[in-house]
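Me: I have this structure open and would like to go through it slowly. Please start with one side chain and we can work outwards from there.

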Amino acid sequence: MTANHDQIKFAYWVPNVSGGLVISKLEQRTGWDIDYNRRLAQIAEQAGFDYALSQIRFTAGYGAEFQHEPVAFSHALLAATTKLKVIAALLPGPWNPAVAAKQIATISQLTEGRVAVNIVSGWFRGEFTAIGEPWLDHDERYRRSEEFIRSLRGIWTQDSFTFRGDFYRFSDYTLKPKPAQPLPEIFQGGSSRAARDMAARVSDWYFTNGNSVDEIKKQVDDIRAKARANNHSVRIGVNAFAIARDSEVEARSVLNEIIAKADPEAVNAFGHEVKNAGKASPEGQGNWAKSSFEDLVQYNDGFKTNLIGTPEQIAERIIALKKIGVDLVLLGFLHFQEEVEYFGRRVIPLVRALEADAARHVQAAE
């Protein structure tokens, strides 16, 4: 089937950080090195994935002992592929928007515009302390991120760019060459009010943690309503940890084993850190506010999205997400190379068939 803008998109987390995507002592046949990741990117591209998202971490913790820098790593993956878009994570504070704008513009020129960015506002206070960066209050971090995004977009679209913010200032700055067209897409994450409000003003894409269809719909409706009020358009991506197996019993068995072999100390430490970050918001909630121990075994609440079962069950659940306004599913896996290949071979074709069937029904009703 030819690509269609109305089709739901698929992305995967790049394992450029060691330890995989679950805090478990269960064996994960996933490597964090460049050779493993180059091959994974090629498999994902062939499997029908649209995006890959690199991770940003500066310090070890919760199994992530080794961490590759995401911009350079993303460029290496782009050099190994021809169609896949790679989203490089950027953390305001360590990154200055002038440097980031120039890095990404150059990579965009070198890769025919296949690079994007994910602006991470920060959740790990210890990381900022370790590298000597000030730790801002919750909403201040999002205010800084919004200025960062406005600066990026201004540098990429204007000559003699001038900006006067509380965190960043530019005076008659012109970047040449600018990125290839279309401009790099700007993603962001979060579930707090400040995160949703920022997305509704400036971001192209909003990532939310995994959750039930009903809970995700509440966020989608809220963001879209706020974006319309701002004369802005934002697309929605949802985190999910996929366990696709030939039987539901087998898939559930894998999930149970991941949780049974979780590292309690690391899971609880991670939970303490992220829940404190959320509690610092004015409404006292964030991405992980209602996450249980079992949920926290997967960094982004990916189990909650319930893409666990047979290919047919997973495809139907993805269509359910699409029906409430989700535009992209961001996936983690236990054994990335083999499971990305399986997902592309067994799940994505079912999703495309269901989408085509729904489109025929709409046409017949018109």
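**Charged side chains and two helices**

Reply: The side chain of Glu147 reaches the backbone nitrogen of Tyr168 at 3.2 Å, which fits the definition of a polar contact (N or O atoms within 3.5 Å, one able to donate a hydrogen and the other to accept it; residues adjacent in sequence count only if both atoms are side-chain atoms). Please keep in mind that this is a predicted model, in which local features need pLDDT of at least 70 and side-chain atom pairs count only at pLDDT 80 or more, while totals for chains, interfaces and linings use all residues. Residues are numbered from 1 along each chain as its sequence is written, and side-chain values use heavy atoms, with hydrogens and water left out.

Me: OK, and where is Glu147 found?

Reply: Glu147 belongs to helix α5, which covers residues 138-157; helices (H or I, at least four residues) and strands (E, at least two) are DSSP runs numbered from the N terminus.

Me: Is Glu147 buried or exposed, and which side chain of opposite charge is nearest?

Reply: Glu147 is buried and yet has no salt bridge, the nearest side chain of opposite charge being Arg143, 4.4 Å away. Buried means under 20% relative accessible area, exposed over 50%, and partly exposed in between, with a 1.4 Å probe and protein chains only. A salt bridge needs a side-chain nitrogen of Lys or Arg within 4 Å of a carboxyl oxygen of Asp or Glu. Lys and Arg count as positive and Asp and Glu as negative, while His and the chain ends are not counted.

Me: Which residues does Glu147 touch, then?

Reply: Leaving aside residues up to four places away in sequence, Glu147 touches Phe163, Gly165, Asp166, Phe167 and Tyr168, where contact means heavy atoms within 4.5 Å.

Me: How many salt bridges does the whole structure have?

Reply: A search of the whole structure finds 29.

Me: What does Arg235 form a salt bridge with?

Reply: Arg235 pairs with Glu185, and their closest N and O atoms are 3.1 Å apart. This pair links distant parts of the chain, since Arg235 is in strand β9 (residues 235-241) and Glu185 is in the loop between β6 (169-173) and β7 (186-189), 50 residues apart. Arg235 is partly exposed, with a relative accessible area of 34%, whereas Glu185 is buried, with a relative accessible area of 12%.

Me: And what about Glu339, which side chain does it meet in a salt bridge?

Reply: Glu339 meets Arg245, at 3.2 Å from N to O. That pair also links distant parts of the chain: Glu339 lies in helix α12 (residues 336-365) and Arg245 in the loop between β10 (243-244) and α8 (248-260), 94 residues apart. Both Glu339 and Arg245 are buried.

Me: Back to α5 for a moment, what does the side chain of Asp139 contact?

Reply: Asp139, which is in helix α5, is joined to the side chain of His138 by a polar contact of 2.8 Å. Asp139 counts as partly exposed, because its relative accessibility is 22%. Asp139 and Ala195 are 56 residues apart in sequence, and their C-alpha atoms are 8.4 Å apart in space.

Me: Ala195 is in α6, so how many residues of that helix are buried?

Reply: In helix α6 (residues 193-201), 7 of the 9 residues are buried, which makes the helix mostly covered. They are Ala194, Ala195, Arg196, Asp197, Met198, Ala199 and Ala200, and what covers them includes α5, β7, β8 (205-208) and α7.

Me: Changing topic, which residues of α11 are buried?

Reply: The buried ones are Pro311, Ile314, Ala315, Ile318, Ile319 and Leu321. Seen down the axis of α11, they fall within an arc of 155°, so they line one face of the helix; the arc is that of the directions from the helix axis to the C-beta atoms. The face turned away from the buried side carries the exposed residues Glu316 and Lys323.

Me: What covers the buried residues of α11?

Reply: The cover includes β1 (9-13), α7 (213-229), β10, β11 (308-309), β12 (328-332) and α12. Just after α11, Gly325 takes a positive phi of about 110°.
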